[in-house]
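This report looks at aromatic contacts and at one pocket. Please view the structure alongside the text.

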Amino acid sequence: MTHYFLPPEGPELRRTVTARFWDTSWDFTTANGVFSADGLDLGTGVLLRTHTPSASARRLLDLGCGYGVVAVALASASRHAQVDAVDVNPRALRLTALNATAHGVGDRVRALQPDEADADARYDEIWSNPPIRIGKEALHDLLLQWLPRLADGGVARLVVGRNLGADSLQRWLVDQGWACARTASAKGFRVFAVTRPLASGE
């Protein structure tokens, strides 16, 4: 789990991987010391193959961006949106910026450490394959930090492995006062849409 909390050690060994989603093949530069460096991980693949961002979205967040697959995809699909790509791994952030530039969206993707993100920003959509393996308490803290940054009417799309506690996470989110609906399920993963519940009378 070092890629979650500690800067990777040793030389950076870059390589190119190809991912396919939205009927398109995408090339990304990856390196050792980042999440899923050998190719698109199953969970992110399920998330991207089953959902696209809203055409009206103007502010998007890729939470736990890795080398930038989701951030690049969101910026490519939402031509007028700014995407904040947040990760604690500085190597991942460098690769995200590199991949965003390579795909022509470098001017609209900002690769940021968590404390560099504007705390007052409100996101139309948050997309994440959250780091389940950091532990339940740390994961809950992470979600409680970022989900309140959803704009009114915004949605967070989370992909979680069924065997890694997807259903219990859904129950916990509901207990915290969020609406959480399963919108897709494939290859052992659930995709959830998390929103603020409507106030009574709305």
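Which residue lies over the face of W146, and at what distance from the ring centre? In this predicted model, that residue is R149, which lies over the face of W146 at 4.1 Å from the centre of the ring.

Turning to contacts between rings, a search of the whole structure finds four aromatic pairs. Two of these involve F21, and the table gives their geometry, since a pair of aromatic rings is described by the distance of the centres and the angle of the planes.

| Pair | Arrangement | Centre to centre | Angle between planes |
|---|---|---|---|
| F21 and W22 | edge-to-face | 5.3 Å | 85° |
| F21 and W26 | stacked | 4.9 Å | 10° |

Through such ring pairs, F21, W22 and W26 are linked into a cluster. F21 has a relative accessibility of 2% and therefore counts as buried, as the limit for that class is under 20%. W22, by contrast, counts as partly exposed because its relative accessibility is 23%. In the stacked pair, both F21 and W26 are buried.

The second largest pocket has a volume of about 150 Å³. Its lining consists of I132, G135, K136, L139, H140, L164, G165, S168, L169 and W172, and at least two residues of this lining come from each of the helices α5 (136-146) and α6 (166-175). Sorted by class, the lining of the second largest pocket comprises five nonpolar residues, four polar residues and one charged residue.

Note on methods
Residues numbered from 1 in each chain as written. Predicted model: local features only at pLDDT ≥ 70, side-chain atom pairs only at ≥ 80, totals over all residues. Heavy atoms only, no water. Phe/Tyr/Trp six-rings, centres within 6.5 Å; stacked < 30°, edge-to-face > 60°. Buried < 20%, exposed > 50% of the residue type's maximum accessible area, 1.4 Å probe, protein only. Lys NZ or Arg CZ within 6 Å of the ring centre and 35° of its normal. 1 Å grid on protein atoms, 1.4 Å probe; cavity = no way out; pocket = protein on both sides within 12 Å on 5 of 7 lines; lining within 4 Å. Points joined across faces, edges and corners; volume = space filled by probe spheres on them. Helix = DSSP H or I, 4+ residues; strand = E, 2+ residues; numbered from the N terminus. Nonpolar A, V, L, I, M, F, W, Y, C, P; charged D, E, K, R; others polar.
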